[in-house]
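Me: Please take a close look at the charged pairs of this structure, and follow them from there into the packing and the ring contacts around them. How far may each part of the picture be trusted?

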Amino acid sequence: MSGIRRQRGIRATLLAAPLTIGLLGTSAAPAGAAPVSDRHLRSAPSLTCRGVGVDPDARVRHRAEILIDAPLSTVWKLQTDVEGWPAWQPPVTAAERLDHGPLRKGSAFRWTTPVPPNPTPARSLEITSTIEQLNTRSCIRWTGPAVGEGLHIDGVHVWNFTATRGGVRVTTEETHTGPQVDADVPTATALLRQGLEAWLADLKATAEARATAEAGAGARAGA
């Protein structure tokens with residue numbers, strides 16, 4: 001699902017639309033936070049969560065990956081605390097859970113993001129996402145529409161989290177379908193890529209800063 005740059009025509013519309021959290025604009029990644037090369041990802045099998053993946057028929061899709069130097073528990077908490085997203089993802093202007101308790105299969109949440117001037121009357125998008133599959137600290141898969149006045153995009157988003165010697169490898173894959181994105185697949189795909197990489201960069205920067213702060217607090221408490 002970083003600021004959203006003003007662009008013309010469908011490019012502006014699509015820029016605001018990448019759903020999970022491709023929806024999160026295209027600001028530059030913080031120094032040292034860029035996702036790893038996706039060369040090997042292009043030929044890798046699609047991501048799954050509990051055996052289910054993205055939309056196999058979607059023409060707009062992208063997969064990205066990043067290494068985060070933070071505990072898996074920290075990364076997972078940030079990603080699943082939906083109502084906390086606006087604090088570290090500027091394009092998420094509001095987010096609310098539609099149920100209570102830990103994020104789980106069947107959980108739903110609604111979130112919004114502004115849309116720059118574009119050919120449709122839409123000035124914001126409202127996304128209602130539903131968790132279809134989840135394995136704690138391992139994977140999440142959600143689906144849902146992004147809806148604005150005269151604009152509709154359906155997305156499927158899969159996240160995988162893997163503890164490594166250096167922290168956590170986060171891999172994500174998303175597909176989009178809908179009249180606007182299907183009308184210009186190359187542009188939609190490029191903008192989805194930018195949105196996913198911005199989300200990963202924000203997640204990395206926030207998780208690493210939180211891990212550093214928590215480590216410092218722990219060291220002071222033990223002194």
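Reply:
**Charged pairs and their surroundings**

Arg193 and Glu197 form a salt bridge through their side chains, with a distance of 3.2 Å from N to O. The model is a predicted one. Arg193 and Glu197 both belong to helix 5 and are four residues apart, so about one helical turn separates them. Each partner is partly exposed: Arg193 has a relative accessibility of 35%, and Glu197 has a relative accessible area of 21%.

Helix 5 holds a further pair with this spacing. Lys204 and Glu208 are four residues apart in helix 5, about one turn, and their salt bridge brings the closest N and O atoms to 2.7 Å. Here the two partners fall into separate classes, because a residue counts as buried under 20% relative accessible area. Lys204, at 10% relative accessibility, is therefore buried, whereas Glu208, with a relative accessible area of 21%, is partly exposed.

In total, eight salt bridges are found. Among them is the pair of Glu65 and Arg169, whose closest N and O atoms are 3.9 Å apart. Glu65 is placed in strand 1 (residues 60–68) and Arg169 in strand 7 (residues 167–177), so this pair ties together parts separated by 104 residues in sequence. The acidic partner, Glu65, is buried, with a relative accessible area of 8%, while Arg169 is partly exposed at 28% relative accessibility. Salt bridges also join Glu96, Arg110 and Glu126 into a network. In general terms, side chains of opposite charge can pair when their charged atoms come close.

Strand 7 also contains Thr172, which is buried at 0% relative accessibility. A polar atom of the Thr172 side chain lies 3.2 Å from the backbone oxygen of Val158. Beyond its neighbours within four places in sequence, Thr172 contacts Leu47, His62, Arg63, Ala64, His157, Val158, Trp159, Leu196 and Leu200.

The nonpolar packing comes next. The largest nonpolar core has 41 residues, and the members that touch the most others are Val75, Trp85, Phe161 and Val170. Helix 5 (residues 185–222) makes the largest contribution to this core, with nine residues. A second core of six residues is separate, and it includes Leu47, Cys49, Cys139 and Val158. For Val75, leaving out residues up to four places away in sequence, the residues touched are Ile68, Ala70, Phe161, Val168, Val170, Leu203 and Ala207. As a rule for soluble globular proteins, nonpolar side chains tend to be buried together.

The aromatic side chains add another set of links. The whole structure contains eleven aromatic pairs. In one of these pairs, the ring centres of Phe109 and Trp142 are 5.4 Å apart and the planes stand at 90 degrees, so the pair is edge-to-face. This pair links distant parts of the chain, since Phe109 lies in strand 3 (residues 108–114) and Trp142 in strand 5 (residues 139–148), 33 residues apart. Phe109 is buried at 0% relative accessibility, and Trp142 is buried at 1%.

Another pair leads back to helix 5. The rings of Trp111 and Trp199 have centres 6.4 Å apart and planes at 75 degrees, so this pair too is edge-to-face. Trp111 belongs to strand 3 and Trp199 to helix 5, so the pair ties together parts that are 88 residues apart in sequence. Both Trp111 and Trp199 are buried. Ring pairs connect these residues into a cluster made up of Trp76, Trp85, Phe109, Trp111, Trp142, Trp159, Phe161 and Trp199. Of the cluster, Trp85 and Phe161 are also among the members of the largest nonpolar core that touch the most others.

It remains to consider confidence. The chain has a mean pLDDT of 81, with 76% of its residues at 70 or more. Confidence is highest in helix 2 (residues 72–80), at a mean of 97, and lowest in helix 1 (residues 9–16), at 41. Over residues 1–34 the pLDDT stays under 50, although the model has 140 contacts beyond four places in sequence for them. Where pLDDT is low, predicted coordinates should not be read in detail.

Methods. Residues numbered from 1 in each chain as written. Predicted model: local features only at pLDDT ≥ 70, side-chain atom pairs only at ≥ 80, totals over all residues. Heavy atoms only, no water. Core = buried A, V, L, I, M, F, W, Y, C linked by side-chain atoms within 4.5 Å. Buried < 20%, exposed > 50% of the residue type's maximum accessible area, 1.4 Å probe, protein only. Helix = DSSP H or I, 4+ residues; strand = E, 2+ residues; numbered from the N terminus. Contact = heavy atoms within 4.5 Å. Salt bridge = Lys/Arg side-chain N within 4 Å of Asp/Glu carboxyl O. Phe/Tyr/Trp six-rings, centres within 6.5 Å; stacked < 30°, edge-to-face > 60°. pLDDT = per-residue confidence, 0-100. Polar contact = N/O pair within 3.5 Å; in protein donor to acceptor, adjacent residues only side chain to side chain.
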